[in-house]
Amino acid sequence: MNYVKLIEVLRNTKSIPTIVSIDGVAGSGKTTLAQRIKNDLSEVEIIHMDDLYDGWTNPLSTQLSTRIVNQILTPYIDGMPTKYKKYNWLLEKFDEEVYVPPTKYLILEGVGSGQKALRHLVDISIWIEFNPQLGFERVIKRDGEMIRNQMLDFLIVQDEHFSQEKTSNFAHCTLNGAP
């Protein structure tokens, strides 16, 4: 499926709200795709997995998926406003409370957004195919050398996660990542 077809599928979806996950390796262009979809459709809210991880230690934990299901996706599907605490990477703690109003489309984007524990609540899952090493280089260029060591550790966690979850096999749509 290409991007134009994806937008057509999203526009014609009967599910309201429509939950969309965008997953793939770090640096593959997930945030860029989410923003592009938001620009091309109306009534779109985006939640970034980076805002939900509990720092660098065990970012893709079972607690994360439980929190996403209970605090974000289930209330959202029920038409309720969603609130969650956003992780502050500089202070290394959750602080700012983010309010997400009910809307037609909710995009959950980031590594882990297509995991097994969330799939039953996701209407359309997108996998971004991209070379992990190029993704790593893009992240370092974007976020700086100071996170190189943490990102090297994250890549191990990411690889283990995708190996166990087989996320790409369950995606409704696969797109090529950023050049």
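Which residues lie nearest the centre of the largest pocket? Some notes on that, and on one of the strands, with the reminder that this is a predicted model.

1. Asp 50, Trp 89, Arg 142, Asp 143 and Ile 147 are the ones nearest the pocket's centre, out of 31 residues that line it. The volume of this largest pocket comes to about 770 Å³.

2. As for where the lining comes from, α2 (30-40), α5 (132-143) and α6 (148-165) each put in at least two residues. The top contributor is α5, with 4 residues.

3. If you care about the chemistry of the wall, the lining of the largest pocket splits into 14 nonpolar, 9 polar and 8 charged residues.

4. Now for strand β1, residues 18-24. Because 7 of its 7 residues are buried, β1 is largely enclosed by the rest of the structure. Have a look at its two faces: Thr 18, Val 20, Ile 22 and Gly 24 sit on one side, Ile 19, Ser 21 and Asp 23 sit on the other, and all of them are buried.

5. Which strands does β1 pair with? One is β5 (residues 105-109), which runs parallel to β1 and is joined to it by 5 bridges. To find that pairing on screen, start from Ile 19, whose bridge partner in β5 is Leu 106.

6. The other is β6 (residues 124-129), again parallel to β1 and linked to it through 5 bridges. Here a handy landmark is Gly 24, which has Ile 128 as its bridge partner in β6.

Notes
Residues numbered from 1 in each chain as written. Predicted model: local features only at pLDDT ≥ 70, side-chain atom pairs only at ≥ 80, totals over all residues. Heavy atoms only, no water. 1 Å grid on protein atoms, 1.4 Å probe; cavity = no way out; pocket = protein on both sides within 12 Å on 5 of 7 lines; lining within 4 Å. Points joined across faces, edges and corners; volume = space filled by probe spheres on them. Nonpolar A, V, L, I, M, F, W, Y, C, P; charged D, E, K, R; others polar. Buried < 20%, exposed > 50% of the residue type's maximum accessible area, 1.4 Å probe, protein only. Pairing = 2+ DSSP bridges.
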